[in-house]
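Here is a short briefing on one protein chain. Start with the overall fold, then move to the cores and a few individual residues.

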Amino acid sequence: MIKKILGSIITLLFLFQLPLLAQEVTKPVLKTYKIGIFTPLYLDSVFTGNYFRYSRNFPRFILQGLDFVQGAQIALDSLPSLKGNVAAVFYDSKSITESVGSLISNNKLDSLDLIIGSIKDDEYFQLANFALKKNIPFISATYPNDAGITGNPFLIIVNSTLKAHCEAIYSYLLQNHGTDRIILCNKPGSQEDRVAGYFKMINEQDKKPLMDIRMIQFNDSNYNSLKNHLDSNSKNILIGGSLDETFANNLATEANTIKNTYPITLIGMPNWEGFRSLYKKNSLTDFPILYSTPYYNEQSDNFSKMIQQIYLTKYKGVPSEYSYKGFETVFIFSRLLTNHPYDFMNHLNDYKDKVFTDFQFKPVLNASNSKPDYFENKHLYFLKLENGKVSKAW
């Protein structure tokens, strides 16, 4: 039997009411759409039977999955009247007794109309392949990676890939800094090579560079040579082409040191948002760092306030970013499914009302056959981190 999250499988029915006819109220018979929501909860690891193994210290490794589930539950409880019934089932993607692979092989997912997953690793591949085989849309809610998947027009990536971020940064530079000194800074490494490769590919689509993008590679922790590549009479745009926190901190610290002599704008990678070292007010005073992100929530809207109140009342805490992502993903795509059950993939950008974030889904085409490898959210925000605070840049 499928493991029940938080004690029960959530099934919500939403019905339209018809006008009174002959003084009788009639209701349409609406189809029920089944949604499978997958996230890692590790329930087999934290429970022995009904005994919770961590009675004193709550395990941190289940928090993201739990927050995603709680946000999704709030969304299901908050949905307005729909054009169909919604039956949502939560699955522990890290279950030992009922793994994703066993659920697929035992045909327990065949009746699903939509898959929403906050997952990665093998489960990501398994669900993506299953979605393609069964023609079921699969919403990858939080994993910023295509995992090498190609030829899958039923995969929808919400958390934009690194390549999409590089494309957005390049587009911004082309529109605003095409004549300035642009320098891609990185260090030796496979991820760094991948970032550099993306910028080279984007910049040389016609076999010759459209912009003059120079590159500096730092081989150690000494970044003093940075100033040798800058122009004191020009704007210097630095692209931090690494996902490593030590590199990010070293580059930002050096740029901050020489900012009064050399006009510098530093643009980092999307994961720089989580680098705590960049939030230190005393070391990077009045030095802004820009980065791109597919999610932006000021948390001042009615949905956010509702989620915050529920968390305070029910869980005696505050929601995390995964709570908001769980809410937004389930709220948007549940409504989209009931509005367009038979041509869902053709209406990815037709969600009626914005929740927190603006999304723009586009097909990523295979170079060899021009068919979609997957669909990806291409709408990215640029945020500014300065003096430990984050604000919207553009």
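This is a predicted model. The protein chain has nine helices and 17 strands. Its radius of gyration is 24 Å, close to the 21 Å that the globule rule gives for 394 residues, so the chain is as compact as a globular protein of that length.

**Overall dimensions and surface**

- The C-alpha trace spans about 80 × 55 × 45 Å along its principal axes.
- Of the 394 residues in the protein chain, 48% are buried.
- Take the contacts with a separation of 6 or more: 69% of them join residues 24 or more positions apart.
- The exposed area of the protein chain is about 19,600 Å². Carbon and sulfur atoms supply 49% of that area.
- Side-chain charges number 41 positive and 37 negative. The centres of these two sets lie 3 Å apart.

**Nonpolar cores**

- In soluble globular proteins, nonpolar side chains tend to be buried together.
- The largest nonpolar core here has 51 residues. Those with the most contacts inside it are Leu173, Cys185, Leu226, Leu238, Leu251, Trp272 and Leu278.
- Several elements each supply at least two residues of this core. Among them are the helices H5 (162-176), H6 (190-203) and H7 (245-257). The strands E9 (181-186), E11 (236-240), E12 (264-267), E13 (289-293) and E16 (381-386) also do so.
- H5 gives the most to this core, with seven residues.
- What does Leu278 touch beyond its neighbours within four places in sequence? Its contacts are Ala248, Asn249, Ala252, Trp272, Leu284, Ile289 and Leu385.
- A second, separate core has 47 residues. Leu43, Val86, Ile139 and Val330 are included in it.

**Positive phi outside glycine**

- Asp286 has a phi near 55 degrees, a positive value in a residue other than glycine. Asp286 lies in the loop between E12 and E13.
- Is Asp286 buried or exposed? Asp286 has a relative accessible area of 47%, so it counts as partly exposed; the cut-off for exposed is over 50%.
- Lys316 is not a glycine either, and its phi is positive at about 55 degrees. The loop that holds Lys316 runs between helix H8 (302-315) and helix H9 (321-339).
- Lys316 has a relative accessible area of 69%, so it is exposed.

**Pro137: a buried loop residue**

- Pro137 sits in the loop between helix H4 (121-134) and strand E7 (138-140).
- Its relative accessible area is 7%, so Pro137 is buried. The cut-off for buried is under 20%.
- Residues up to four places away in sequence aside, Pro137 touches Asp113, Leu114, Ile115, Phe154, Ile156, Phe344 and Met345.
- Pro137 and Ser323 are 186 residues apart in sequence. Their C-alpha atoms are 22 Å apart in space.

**Ile96: an exposed loop residue**

- Where is Ile96 found? Ile96 is in the loop between strand E5 (85-92) and helix H3 (100-105).
- Ile96 has 63% relative accessibility, so it counts as exposed.
- Ile96 and Leu380 are 284 residues apart along the chain. A distance of 37 Å separates their C-alpha atoms.

How values were computed
Residues are numbered from 1 along each chain as its sequence is written. This is a predicted model: local features need pLDDT of at least 70, side-chain atom pairs count only at pLDDT 80 or more; totals for chains, interfaces and linings use all residues. Side-chain values use heavy atoms; hydrogens and water are left out. Helices (H or I, at least four residues) and strands (E, at least two) are DSSP runs, numbered from the N terminus. The radius of gyration is taken over C-alpha atoms; the globule rule is 2.2 Å times the number of residues to the power 0.38. Buried means under 20% relative accessible area, exposed over 50%, partly exposed in between (1.4 Å probe, protein chains only). Contact means heavy atoms within 4.5 Å. Accessible areas come from the Shrake-Rupley method with a 1.4 Å probe; for residues, only the protein chains shown count as cover. Lys and Arg count as positive and Asp and Glu as negative; His and the chain ends are not counted. The place of a charge is taken as NZ of Lys, CZ of Arg, CG of Asp or CD of Glu. A nonpolar core is a set of buried Ala, Val, Leu, Ile, Met, Phe, Trp, Tyr and Cys residues joined through side-chain atoms within 4.5 Å.
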